[in-house]
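Work through the exercises below with the sequence and the structure open. Try each task before reading its solution.

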Amino acid sequence: MIMAGSGAMITHAELDRRSNQMARALREAGLAVDDTVAVVAENRLEWAELIWATQRSGLCIAPIQRHLGADVLADVLTDSAVRAVITTSAHAGTVRAALDRLPKIPLRLCIGGAPGFDDYAVTLDRYSGTPVPGERLGSRMMFSSGTTGRPKGIRHSRPDLHPGEAPPHLGGYTDLFGFTADTVYLSPAPTYHTAPFRFVLAILQLGGTVVCQESFDAEGALAAIERYRVTHAQFVPTMLTRMLRLPAPVRVAADLSSLRVAITGAAPCPAELKHRIMEWWGPVLHELYGASESYGNCHIGPSDALERPGSVGRALVGRVHILDPDDSDGPDLPVGDVGQIWFEGTQSFRYHGDEAKNRAARNKRGWSTVGDLGRLDGDGFLYLVGRRDHVIISGGVNVHPQQAEDLLAGHPAVADVAVIGVPDDDLGQRVHALVVPAPGTVAGPELGEALLALARAGLPRPGCPRSIEFVRTLPRGENGKLYKRMLSQARC
């Protein structure tokens, strides 16, 4: 693993030794198989050590969002029943305040050192680098992104295997994307998010190389691809947009000839954005649709993406069903109708400590959902339209904001956009667009009218924004997801 900015690195031999040292530290602190280890940290080399310390000792690793406040973090740690917490000096204050609200945690480590924590490096140096006795494969607890509330822990099952007997962590993705020991994978997103975490784990498992950006920087990502001859990379759509908006000389000068596969996901990727990236990079862009719950996944490759703009592809495992949002046990809706997305024949998951949410996530037939809405075409390709709790009811018509957001996002004067419903005396809710202007753009009535005209020309009338509001920023997570519950703050 290599840090793209500093050049700091850890070899596989060093990773083997240091992850064994960490596993021994966890065992001596009293942690047993299936106990949970929480990590609150920025991108850094120690992620590799912590992932593999847990994955070779039967423990459950819980990568937790690093921007949570102390009160919410305390709740998340309590709900997750953690037995060890590892953080860094950058986050030690918040983590310490959260831990003060909890019973005694057997192991509290800080990378870089901080009052109230044992020093990470000093602790590791006390232990042997040989494997712990009785190595077993570990598990993970990922967290929902919290776009509609507090993050919920999603615990995934632990196969009872020796780590060396484990199949490829990414299953079918391994062959689909051609991951091998020769892979050089660029990871620009926070490692605590599900996709970056899983891909980092998988590439290291295969013996490949992970190039990790400390934080995403558009020009730095291009430089890393060129310097390290990156073969595979993963970006959220906002990252792709920022790279496209780099000055033309910077884009033209970048040598991206080593890049065989670029993957986008976490948030819907507008068709126009995909098209422009592939004009630049060639036919290498793939999109994945899934969720932290791993309730199902879809994939669409470069050629299908150009032929079916807006689709996120077909199911890789199991089958997609579209059901009436108010009848989870009813029949499938006709082809083309919008409804709630359910997956049949995929792995089960549980929200830790939230039985009501567990019941809502499954129907009587054992199918799973996370509340996303979409439609299928006649060939089984899925098209997303938003989330059930984001629907706007305007004049008695259900409006799904995704289509308007994708259309407006393609305008060169728009840096970011969110479409919401606002109170309206006549319609109940009015479709309203919040727009972040692109740098150097004059945000005023003329641009607002141009965007409304674009919407009227490209959308059915009920889904057209009737008003535009320019804002400085929108509340997006580091994984590109839009926190619509926080949009009232963006309007202040």
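## Exercise 1: Surface and overall form

The protein chain exposes about 20400 Å², and carbon and sulfur atoms supply 51% of it. The model is predicted.

**Task.** Describe the fold content, dimensions and burial of the protein chain.

**Solution.**
1. Start with secondary structure. The chain has 16 helices and 25 strands.
2. Now judge compactness. The radius of gyration is 23 Å, close to the 23 Å that the globule rule gives for 492 residues, so the chain is as compact as a globular protein of that length.
3. Take the box along the principal axes. The C-alpha atoms fill roughly 70 × 55 × 45 Å.
4. Turn to burial. Of the 492 residues, 55% count as buried.
5. Check the contacts with a separation of 6 or more. Residues 24 or more positions apart account for 66% of them.
6. Finish with charge. There are 50 positive and 54 negative charges, and their mean positions are 3 Å apart.

## Exercise 2: An open sheet

**Task.** Give the strand order of the eight-stranded open sheet and find which strands stand at its edges.

**Solution.**
1. Read off the order: β6-β5-β4-β2-β3-β7-β8-β18. The pairing is mixed.
2. Look at the edges. β6 (118–119) and β18 (350–351) each have a single partner strand, so one side of each is left without a neighbour in the sheet.

## Exercise 3: Strand β7 and its neighbours

**Task.** Determine how β7 pairs with β3 and with β8, and whether its residues are buried or exposed.

**Solution.**
1. Take β3 (residues 60–63). Two bridges join β3 to β7, and the strands run parallel. C60 has S139 as its bridge partner in β7.
2. Take β8 (residues 153–155). β7 (residues 139–143) pairs with β8 in the antiparallel sense over three bridges.
3. Check the register. F143 stands opposite G153, and M141 stands opposite R155.
4. Sort the side directions. S139, M141 and F143 point one way from β7, while R140 and M142 point the other way.
5. Assess cover. Five of the five residues of β7 are buried, on both of these sides.

## Exercise 4: A hairpin and a parallel partner

**Task.** Trace the pairing of β24 with β23 and with β25.

**Solution.**
1. Begin with β23 (residues 414–424) and β24 (residues 428–437). They run antiparallel and are joined by ten bridges.
2. Find the turn. A hairpin of three residues links β23 to β24. D424 has G428 as its bridge partner.
3. Move to β25 (residues 467–470). Four bridges join β24 to β25, and these strands run parallel. A433 is matched with I468 in β25.

## Exercise 5: A covered helix and a loop glycine

**Task.** How many residues of helix α2 are buried, and where does G380 lie?

**Solution.**
1. Count along α2 (residues 46–55). Ten of its ten residues are buried. Among them are E46, W47, E49 and W52.
2. Locate G380. This glycine lies in the loop between β19 (372–376) and β20 (382–387).
3. Classify its exposure. The relative accessibility of G380 is 27%, so G380 counts as partly exposed. The cut-offs are under 20% for buried and over 50% for exposed.
4. List its contacts beyond neighbours within four places in sequence. G380 is in contact with G313 and R314.
5. Take one long separation along the chain. G380 and V200 are 180 residues apart in sequence, and their C-alpha atoms are separated by 30 Å.

Technical notes
Residues are numbered from 1 along each chain as its sequence is written. This is a predicted model: local features need pLDDT of at least 70, side-chain atom pairs count only at pLDDT 80 or more; totals for chains, interfaces and linings use all residues. Side-chain values use heavy atoms; hydrogens and water are left out. The radius of gyration is taken over C-alpha atoms; the globule rule is 2.2 Å times the number of residues to the power 0.38. Buried means under 20% relative accessible area, exposed over 50%, partly exposed in between (1.4 Å probe, protein chains only). Contact means heavy atoms within 4.5 Å. Accessible areas come from the Shrake-Rupley method with a 1.4 Å probe; for residues, only the protein chains shown count as cover. Lys and Arg count as positive and Asp and Glu as negative; His and the chain ends are not counted. The place of a charge is taken as NZ of Lys, CZ of Arg, CG of Asp or CD of Glu. Two strands pair if DSSP finds at least two bridges between them.
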